[in-house]
Amino acid sequence: MPKFMEAPSDVSVIEGDDVVLPCQASGKPRPEITWNINSEPVTSNIRMRTLANGSLSIINIRVSDAGRYVCQASNSVQTITTVANVRVLVRPVIVLPPDNVRGSPGATVSFNCQARGDSQPVLYWSKDGSPLPNNGRFEILRNGETLRINSAVAADQGTYTCKAENAAGSVSANARLFFPENVISVQPSFSQSTDLVSAVVGNALTIQCVAEGRPEPIYEWIRDGRVIHNRNRIVIQGGILTINGVNRIDAGRYDCVAENSLGRATKSVFLQVEDNTVSRAGDRFVSNAVPQATQQINYAINVTRNQLFNHSRVHSVQDLISAIRYPSPESLDFVRAEEIFEQTLDIIYQHVNEGHKYNLTGAEISYQELVSPGYVNLIANLSGCLTQIHSIDCSDSCFHRRYRTLDGTCNNFQNPTWGAANTAFIRLLPPIYENGFNSPVGWNKHKLYRGTHLPSARLVSSLLMSADDQIINDDNFTHMLMQWGQFLDHDLDLSPQALSYARFSDGRNCNETCENTNPCFPIPVPASDPRITEHSCLGFTRSSATCNTDATSLFYKTLMPRQQLNALTAFIDGSMIYGSNERFSNTLRNLASNRGLLREGPSSVPARRLLPFDDEDLIHRADCQLESNKRHVLCFLAGDHRANEQLALTAFHTLWMRQHNHIATGLQRINPHWDGNKIFFEARKIIGAIIQHISYKHWLPKILGPKGMTMLGNYTGYKPDVNPSIANEFATAALRFGHTLIQPLLFRLNESFQEIEHGHLPLHKAFFAPYRLIEEGGIDPLIRGLFGRATKKRMPGEFLNSELTEKLFMISNAIGQDLASLNVQRGRDHGLQFYNDYRELCGLKRANRFEDLHKEIQFKDTRDKLHALYGHPDNIDLFIGGISETMVDGAKVGPTFLCILTDQFKRLRDGDRFWYEREGIFTQEQMFALQQTTIATAICDSSDGITQVQKDVFMRVQSEDEYVSCNQIPRLDLSHWTDCCEDCRSRATLSAPNRFRGRRSAEYSYPDQRPVNTSTEHTETPKATETVPSTSEKMERKSEEKVEKFPVDEETQHCEREDVDLLDSRLEGMEETMMEMAQIISQLKKKIQVLETTKSSRHKQSRDHSKKIVRKGEHESRRLHHLNN
């Protein structure tokens, strides 16, 4: 009897392509194969024919070829059939291409585009080959058919592309926006942004400020944040500022602001006032030293930027690693100013040529012998350090009490910079630097510690940290445990590396020298190193320092130690999704739609999109594809630039970008009167709460174990005296325990939880490889690999797998970096004290001998290696000592790291005014809905198409039967966020301190849906007279009974007063309506009583009448009976 050896399956084919429907059968006698299409026999022709093996070949397929194909195999014994459906997809066609538009500055211009196709095509717009600018002026209307540009400017001129896309392909049409030459306007600009002028006390001074611009700019002078007006000695005429009779108090910074209809530009002029007081030896060199220092620092910056962001050169993995850790524009201002300040002091010192040396005894020291205080203040001004000191405006409490700021400021009203981005790490213990303020331990290669040299970080790694290739799988936990830890870490901290990878002294690259010269701090390679034999060091660049620490602390007449910068918000707020400042966040948002969405990129599967490409931010159009035989692929753009580091992390960022859009879409559906900003911030608030819930209820218990969770304690409310800022020890050492969980492979699994055809990925091939998401199956195989395979189990003496210690970021013939040695060197760079010091801090006994460590480091071989490396317990690096400890029962860390982790996570929770469990942040119904969510919820909502997952993705399943359908995974019930408001107009928009777009109509979701003529009449209802206390009075009485934990400012009270008044007004209106209803009911009752009385009377009369008739009838009956007788 016949049997199919290969059968066709349902297939979708693009019109014009070729397709083969396989069909092979065996049997005795040999079966004959025939084909039918839509119940009609297939006849061979030039396009369609049956091959020798029975398969059906169709060339240049047409729409008419679509249908139901039946392959029939017949012999004398039996006939069998198999069926396949063929769908022909038609590429879209643009039926109305956009036309060229002639515009003018300030006008509103529109492009229109219409397309048709097999299914409704999706329309996308771009400008000059790049996504539309995210400046809030571009709107996409009518499902993409209209592009509207509001308040057009000259920079908007260019070529606009309408792209129609469906499953079959895409087609584009272009149109130009141009302005006639006679109407082109130019934004103001200055030829130089700063200037230095000097004046003698008593003389007159004129400062002239001229900017280029069209229309002609108007000018304004500002000092200390206040506008300067004509008064007494000061005369202002446009861009000219005159000061008559200069005084010493006039010294400082003056900002000249030029503004026209297109924008504004600022030039800073620094005034130096000279008098006859005693000067210092270095004072006369200040005016020349500052420009010289600025030139040196800028040169070093340019050398690095040209190397990292040169689009014509092929980038290495190390280039990309350096690029993503390069200071952002916001951070760059801080660190550049600090470097200029220090470099200025060094240049002055060289000029003075006196024997001034830093005091290494720890005593306070003043630079008054070198530069007088007034000139120190001038250097601070000129370097830019003083410009970084500014007050935080938290006055808009109507926003701040509802939502977090993007940069983390104003979370704590008394200390608005606590936990904010671009602020210094805090420390659990004071730092240690060899010179007392900024040179890391190991900087002086001849210095002895407890009688011995500190070991090279590379020697420590190769001897102690690296595990062999026999990796043991964890018995209980999946690889998702590692991935969530990395994802969370990127929400909490990022210490930018130095603003240059070239030496400040001569511009020589750090990887070209093994000398310790700022900012270079290379890692020595031992002569006996088993792998690295041709290099004597591994390149390493120091982290950036912040202004007002290190040498810049001279503002305070003391020499304070160097402190590193945290470029991210400390809070668990989803900053790795949304960014840590408004500028960057706006590049991530889809501002054109006004629906609160994040931008999306190319498709991975139909209807599922990846992250957008990074085509306009830090690593501008950098090629993330490092294999020469692959096509150019840009890096992806996410809230944290490290999203491209390894492929599973990239997939995870993609998942949570989609989850935000999933929630934002749901919020818009139930609240169509909300504008895009309201939706965005509400969705961000929900996502942040979900991340907090997953971290503290699902992840941390598996990391800290029962003892750690007891130390963490239950949440008892917001504590404004708790500083949530990230501790240097936490970021630089303790949280890096997660490196011990990393497998040497990234597992990639198909729907059957088997290895995909492209195979699993060795870790060193997963770095900076976004093309694999596009070409090798999307995000699902990686996500399945995270929850479908085990994490690495930490065994005694085996800490980090060799992919991390020997092949990190290795590409072609480049030297693989070593993650363990990087961790050790970074701890030294940051001035972390030694392991023994943190043992004491955490309540453990200080070790005087290595055997004293036997309770915490139980594996003797590890203690022996520590002895051989460090010579004394006091020399052990914090990261090494913490990782070497035996894990606490039920935890993934030993007691020292448990102490540091618990401290940080407790402060992050208790010091966060927006912590999701805090009363009033969410309603009880919303809290219950949030508590049902897990990572599995996001996977089922926002993966490419995963349909099976375990409920706790951190826990391994023993068999595939333990996976459940996504139908059994709880989803977030957004109905609890329905805004049931009476006055939706007043609640449709978000009042925020930033520059937000206009609100959406309360009746219509988008402007193009609004009717042309719409009028609304308002009638006021007189308030009823009340004899009982009003609702607001009752609320005031209740509020007076409560004791506030911290003062409430006047604007907060005003904002709350408005809410109470609104509520009072609504309730009074309800009370009036209820009184009217009561009166109507009373009147109805009276009418009913009258009716009932009338009815009763009539009924009685009717009854009496009936009785009379009955009696009369009975009488008549007796009378007749008598007559008959």
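Helix packing and an enclosed helix

In this predicted model, the axes of H10 and H14 come within 9 Å and cross at roughly 105°. Angles of 65 to 115 degrees count as roughly perpendicular, and H10 and H14 are therefore roughly perpendicular to each other. On the H10 side the contact is made by Leu647, Ala648, Ala651 and Phe652, while H14 contributes Leu782, Ile783 and Leu786. Sorted by class, the residues of this contact are 7 nonpolar, with no polar and no charged ones.

Both of these helices also take part in covering another helix, H22, since what covers its buried residues includes H10 (647-670) and H14 (780-788), along with helix H7 (480-492), helix H11 (676-712) and the strands S37 (608-609) and S41 (948-949). H22 spans residues 935-942, and because 8 of its 8 residues are buried, this helix is largely enclosed by the rest of the structure. The buried residues include Ile935, Ala938 and Ile939, and also Thr937, Asp941 and Ser942. At the N-terminal end of H22, Thr934 acts as a cap, with a side-chain oxygen 3.2 Å from the backbone nitrogen of Ala936.

A further pair of helices is H1 (residues 286-308) and H3 (residues 329-352), which pack at an angle of about 130° with their axes 8 Å apart. That angle makes H1 oblique to H3, and the crossing of the two is right-handed. Among the residues that meet here are Val286, Ala289, Gln292 and Ile301 in H1, and Arg336, Glu339, Ile340 and His351 in H3. The contact of H1 with H3 has 9 nonpolar, 7 polar and 2 charged residues.

How values were computed. Residues are numbered from 1 along each chain as its sequence is written. This is a predicted model: local features need pLDDT of at least 70, side-chain atom pairs count only at pLDDT 80 or more; totals for chains, interfaces and linings use all residues. Side-chain values use heavy atoms; hydrogens and water are left out. Buried means under 20% relative accessible area, exposed over 50%, partly exposed in between (1.4 Å probe, protein chains only). Helices (H or I, at least four residues) and strands (E, at least two) are DSSP runs, numbered from the N terminus. Contact means heavy atoms within 4.5 Å. A polar contact is a pair of N or O atoms within 3.5 Å; within protein, one must be able to donate a hydrogen and the other to accept it, and residues adjacent in sequence count only if both atoms are side-chain atoms. Axes are lines fitted to C-alpha atoms, for helices over the stretch in contact, and angles run from 0 to 180 degrees between N-to-C directions. Angles under 35 degrees count as roughly parallel, over 145 as roughly antiparallel, 65 to 115 as roughly perpendicular and the rest as oblique. A crossing is left-handed if the near helix is turned anticlockwise from the far one by less than a right angle, and right-handed if clockwise. Ala, Val, Leu, Ile, Met, Phe, Trp, Tyr, Cys and Pro count as nonpolar, Asp, Glu, Lys and Arg as charged, and the others, Gly among them, as polar.
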